[in-house]
Amino acid sequence: MQSGNEDWESLSLSLKNRVNQMQEADFESLALDIFHYQYVHNPLYHLYVGLLGVNAGSITHISDIPFLPIELFKNHLVQSGFAPILFQFESSGTTGQIPSKHIVCDPDFYQVQAKRIFETNYGLLTDYHIFALLPSYLERSSSSLVFMMDYFIKQSGSELAGFYLNQYDTLVENLKAALQTDRKIWLMGVTFGLLDWVDTGQDFTFWKEAITEGRIMVMETGGMKGRREEWLREEVHAFLQAKMHVPQIASEYGMTELFSQAYANKEGVFTPGISMRVLLREVNDPFGQVTQAGRVGGIKVIDLANIDSCSFIETKDLGSLEADGIRFKVLGRFDNSEQRGCNLMLAQGWGTSQEEPSS
């Protein structure tokens, strides 16, 4: 796909329409077209690809596409095209950290993708009462998770659904009321929020019958965010399953820098949404590829919904692929060492400016 600056808007619209209508077989061709679009229309990504010495015209497979280091979302404007920025998602981070910022030019497109991905995995939102236990996230108006869950809650049409910080008595009261209906219950909690609730000594026998009927889904996301000691996902799930009397804990994998999500029904094995795919890099070589099932590597995400920013992101997460090459596990994070891509940008004068490289 070749294009000039004058037709970015029609190309962007065409690509979004293709993402909305895509099937799994369309992924690679669409990813390649988005790569060529973003190489031309995203100045930061264009510069980064050039610094790597990559000839964009020679890219014919998704495994050859350069992935932008996720740290660059902290200090730079990552935008493809020139659409007005309506607002930005901002990461939580811990005290003293610079938050990542992800532009939002088309919130309706984001919501359509998020809804499609969830409903493909779990059925219609209108089948659920949604309870979102998201302390710390609710205190930030720029959270992508809160934005998504607010949309889901409204789409569900449930009068009982809503957000909670630490109002556990009210939460239990509304959960009990929801159990009297024929809808399923989706409890979405940031990990430390669920653990804090369990630590109050809450008696969860009130939903035991509904669990037997398969009407309860408890889902965790977001880690500890500096609130508690970090646990392995397996430890968190085993603890919550025992205390909450549920047979499994589901998980969501998403982040500020992504418009698409992945979900795991149990055991932390994630299925990416139709607009998302995970590749792995060698731990000690950002350009080496890991394809063997079960082998640990650095997670690189292709997110076709990131048309207005960058669809090819090298994260700081470690993971492994399942035998099908699509599903994956998240196993930890890299140490706090800068990746080569950031050093390349700094060497070219791209310091902390969020607009343009320093001269």
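## Strand S4 and two surface patches

From strand S4, Tyr128, Ile130 and Ala132 point one way while His129, Phe131 and Leu133 point the other way, and all are buried (under 20% relative accessible area, with exposed meaning over 50% and partly exposed in between, for a 1.4 Å probe and protein chains only). In a regular strand the side chains alternate between the two faces of the sheet. This is a predicted model, in which local features need pLDDT of at least 70 and side-chain atom pairs count only at pLDDT 80 or more, whereas totals for chains, interfaces and linings use all residues. Residues are numbered from 1 along each chain as its sequence is written, and side-chain values use heavy atoms, with hydrogens and water left out.

Strands are DSSP runs (E, at least two residues) and helices likewise (H or I, at least four), numbered from the N terminus, and two strands pair if DSSP finds at least two bridges between them. The partners of S4 are listed here.

| Partner of S4 | Sense | Bridges | Residues standing opposite |
|---|---|---|---|
| S6 (residues 184-190) | parallel | six | His129 and Ile185 |
| S5 (residues 162-164) | parallel | three | Leu133 and Tyr164 |

On the surface, Glu229, Glu230, Glu234 and Glu235 gather in a patch of negative charge, where a patch takes residues with over 30% relative accessible area and no salt bridge, joining like charges within 9 Å and nonpolar side chains within 5 Å; a salt bridge is a side-chain nitrogen of Lys or Arg within 4 Å of a carboxyl oxygen of Asp or Glu. Glu229 lies in the loop between strand S7 (216-221) and helix H10 (233-244), and counts as exposed because its relative accessibility is 64%.

Terms used: Accessible areas come from the Shrake-Rupley method with a 1.4 Å probe; for residues, only the protein chains shown count as cover. Lys and Arg count as positive and Asp and Glu as negative; His and the chain ends are not counted. The place of a charge is taken as NZ of Lys, CZ of Arg, CG of Asp or CD of Glu.
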